[in-house]
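Colleague: I'm new to this one, so could you walk me through it? Please put it up and I'll start asking.

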Amino acid sequence: MAAELSEELKSFMETGIYRLDGSNVVFIDPVRVLNESYSRFALSPSDYYSRSFAPPKSAFPAEAVPKKRKRKPKPHHDLNERERVAEKRHQEARALLLSAHKALLAAADLLGLLPQVMGGEGSSHGGERAAEKNFVELGNHWKAPFCEITLGLRASNEVDQGSRPRHDVGRAVVSLFNNLIGNETNDDVEAEFQNCCYILPRRSSFHMSSQGFNLIVIDPPWENGSVHQKAAYPTLPNRYFFNLPVKELAHEDGALVVLWMTNREKLRMFVEKELLPGWGVTDVTPFYWLKVKPDGSLICDLDLFHHRPYECFLIGYINVDVDFQCTEKFKYLKSSQVIISVPGAHSRKPPLEKLLLEHIPGPKPAKCIELFARELTAGWISWGNEPLRFQDSLYFLKKTNNWCS
């Protein structure tokens with residue numbers, strides 16, 4: 001199969017990144033990108049791409065489906081000032097998004113490969129999924145300080161008397177909450193907590209740590225009506241985010257800040273006029289994440305007013321004077337870009353480091369941190385109240401030699 005692929009598709013199967021229309025449109029397979037963080041394990045594509053895009057099945061037999069009453073059309077109303085601004089932003093982004101989606105639909109070879117990419121090697125749990133731990137609820141319980149996690153540390157570099165590699169597993173028991181937990185080895189670590197297994201990638205850690213980061217990714221739990229209805233996770237009022245020490249976390253030689261947002265115009269205005277200036281973020285550029293179904297079509301109509309098939313995230317700099325910055329150190333962001341992917345679970349964002357690598361200022365390799373993280377990445381520090389959310393072993397498979405074939 002691999003011999004029949006074009007060079008572009010071979011590269012995509014190895015890296016998870018496929019550049020479409022020049023350099024401003026990219027299709028990304030988050031599973032392949034994230035799998036570079038692991039040596040012995042791999043994310044299960046069928047578990048990552050578990051969201052269903054099919055219409056819900058009716059609970060009635062076909063002949064017994066009740067007839068729907070015709071809804072009266074809602075009376076037309078003029079947009080208020082905030083809605084007009086939101087619509088103006090949408091129209092400004094619309095041509096860019098349409099062009100990006102057109103480029104995807106023109107990549108027939110890529111679209112033909114997506115069913116195989118998303119199907120992977122099957123589900124990791126092979127049946128009914130067990131209930132996942134609610135780390136937010138656990139962290140608020142009075143017993144939280146007494147919760148412990150067991151790390152299985154493998155000494156794979158040592159050799160026994162038979163000249164065969166040893167895979168002895170040492171065990172370290174540490175407090176789970178209010179503690180910096182790190183995997184300092186160059187191998188994956190299996191961690192046990194309350195009869196569940198979690199996979200920690202090499203050189204990763206979670207909890208807050210010291211300052212000096214060159215890439216700071218933030219996905220705040222914004223107040224949102226949809227999230228509130230689904231009770232997906234607790235949210236915070238906007239004013240709370242002023243207290244995030246973003247400026248203090250930034251490296252003195254410069255940092256790139258990525259802030260995920262919802263499409264609410266009120267939030268956009270707050271972020272641009274108050275929050276980013278309060279953090280010291282300048283030279284802001286909007287990026288877009290365009291969400292598509294496995295067949296390449298948009299997950300919903302582009303022009304739906306209250307439900308767009310894309311999310312915006314803003315990228316800016318801290319401690320960077322563009323006029324005096326040496327262009328050889330990093331490539332300054334000047335224009336918006338579109339990232340296209342099939343979305344995973346609700347609120348799970350695609351990994352961005354590889355796409356932004358050349359735009360990160362400061363020393364190399366870059367030090368990276370994600371605030372409000374829900375998964376771990378090799379070499380990163382992840383901070384939040386559920387950084388193990390997507391590290392459950394149910395999401396993983398053991399890697400095989402033909403994983404990327």
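Modeller: Before you ask, note that this is a predicted model, where local features need pLDDT of at least 70, side-chain atom pairs count only at pLDDT 80 or more, and totals for chains, interfaces and linings use all residues. Residues are numbered from 1 along each chain as its sequence is written, and side-chain values use heavy atoms, with hydrogens and water left out.

Colleague: Let's start with β10, then: which strand does β10 pair with in the parallel sense over four bridges, with Val217 opposite Glu370?

Modeller: Strands here are DSSP runs of E of at least two residues, helices are runs of H or I of at least four, and both are numbered from the N terminus. Two strands pair if DSSP finds at least two bridges between them. β10 covers residues 215-218, and its Val217 stands opposite Glu370. The partner, running parallel over four bridges, is residues 368-371, strand β15.

Colleague: And in β11, what is the bridge partner of Ile218?

Modeller: β11 takes in residues 255-260 and runs parallel to β10, with four bridges joining them. Within β11, Ile218 is matched with Leu259.

Colleague: Are the side chains of β10 buried or exposed?

Modeller: Buried means under 20% relative accessible area, exposed over 50%, and partly exposed in between, using a 1.4 Å probe and protein chains only. Leu215 and Val217 point one way, while Ile216 and Ile218 point the other way. Whichever way they point, all of them are buried.

Colleague: How many disulfides are there?

Modeller: A disulfide is a pair of cysteine sulfur atoms within 2.5 Å. Take Cys196, which is buried at 15% relative accessible area: the closest cysteine sulfur is in Cys197, 8.8 Å away, so that's too far for a bond. By this rule the count is zero.

Colleague: Which residues is Phe305 in contact with, leaving aside its neighbours within four places in sequence?

Modeller: Phe305 sits in the loop between β12 (282-291) and β13 (310-318), and it's partly exposed because its relative accessible area is 30%. Phe305 and Ala86 are 219 residues apart in sequence, yet their C-alpha atoms are 9.2 Å apart in space. Counting contact as heavy atoms within 4.5 Å, the residues are Leu79, Glu83 and Glu87.

Colleague: What about the second largest pocket: how many charged residues are in its lining?

Modeller: Its lining has 30 residues, with Pro351, Leu352, Glu353, Thr377 and Trp380 nearest the centre, and α2 (30-35), α10 (353-356) and β15 each supply at least two. On a 1 Å grid over the protein atoms alone, a pocket is an open set of points where a 1.4 Å probe fits, with protein on both sides within 12 Å along at least five of seven lines, and lining residues have an atom within 4 Å of a point. Ala, Val, Leu, Ile, Met, Phe, Trp, Tyr, Cys and Pro count as nonpolar, Asp, Glu, Lys and Arg as charged, and the others, Gly among them, as polar. That splits the lining into 16 nonpolar, four polar and, for your question, charged residues numbering 10.

Colleague: Which residue does a cis peptide bond join to Lys364?

Modeller: Most peptide bonds are trans, and most residues other than glycine have a negative phi. In the loop between α10 and β15, omega is about 0° where Lys364 meets Pro365.

Colleague: Last one: what is the phi of Phe372?

Modeller: Phe372 is in the loop between β15 and β16 (380-383), and it counts as buried because its relative accessibility is 16%. Phi is positive in this residue other than glycine, near 65°.
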